Amino acid sequence: MQREPFEAFLHARTRPGGRDDQAGTVLLWRSRDGLTQHAAVTLGGGWALHKAAQTWWTPRVVLPTPRLIRVSRSVGWWLSRRQLR
């Protein structure tokens with residue numbers, strides 16, 4: 001991901017908060033230095049859209065939100081949430 005355009009999008013189009021069971025919550029995993037390392041978005045009803053890598057051949061998958069959160073954990077990363085406006 002290109003961080004600067006993505007962070008500009010987050011600033012312009014989201015606000016802090018959101019719920020895992022609500023559509024439009026952006027899940028953000030950040031490293032200790034605060035840089036975004038991974039992102040996904042909730043679809044509602046307990047589901048989320050996820051793409052594990054940036055390569056074009058990496059599939060996009062829909063997973064139960066709790067499972068997505070669990071499999072996306074990484075040492076030193078913390079999870080935050082932002083709601084689409």
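1. A word on terms before we start: two strands count as paired if DSSP finds at least two bridges between them. Helices (H or I, at least four residues) and strands (E, at least two) are DSSP runs, numbered from the N terminus. The model is a predicted one, in which local features need pLDDT of at least 70, side-chain atom pairs count only at pLDDT 80 or more, and totals for chains, interfaces and linings use all residues. Residues are numbered from 1 along each chain as its sequence is written, and side-chain values use heavy atoms, with hydrogens and water left out.

2. For a first look, the protein has 2 helices and 6 strands. From the N terminus on, these elements follow the order α-β-β-β-β-β-α-β.

3. The 6 strands make an open sheet, ordered S1-S6-S2-S3-S4-S5, with antiparallel pairing. Strand S1 (14–16) and strand S5 (60–64) stand at the edges with a single partner strand each, so one side of each has no neighbour in the sheet.

4. Now to the pairings. S2 (residues 25–30) and S6 (residues 78–84) are antiparallel and share 6 bridges; Val-26 has Arg-82 in S6 as its bridge partner. S3 (residues 36–44) pairs with S4 over 3 bridges, again in the antiparallel sense, and Gly-44 stands opposite Trp-47 in S4. The hairpin formed by S3 and S4 has 2 residues between the strands, and Gly-45 in the turn has a positive phi of about 65°.

5. S4 (residues 47–51) is a nice strand to inspect, since its side chains alternate: Ala-48 and His-50 point to one face and are buried, while Trp-47, Leu-49 and Lys-51 point to the other and are not. Here buried means under 20% relative accessible area (1.4 Å probe, protein chains only). On its way to S5, S4 makes 5 antiparallel bridges, and Leu-49 stands opposite Val-62 in S5.

6. What makes up the largest nonpolar core? Its 7 residues are Leu-27, Trp-29, Ala-40, Ala-48, Leu-63, Leu-68 and Ile-69. S2 and helix H2 (65–71) each supply at least two of them. Such a core is a set of buried Ala, Val, Leu, Ile, Met, Phe, Trp, Tyr and Cys residues joined through side-chain atoms within 4.5 Å.

7. Try clicking on Ile-69: leaving aside neighbours within four places in sequence, Ile-69 is in contact (heavy atoms within 4.5 Å) with Asp-20, Leu-27, Trp-29, Leu-79 and Arg-81.

8. Finally, the whole protein: its C-alpha trace spans about 30 × 30 × 25 Å along the principal axes. Buried residues account for 33% of the 85 residues.

Technical notes: Buried means under 20% relative accessible area, exposed over 50%, partly exposed in between (1.4 Å probe, protein chains only).
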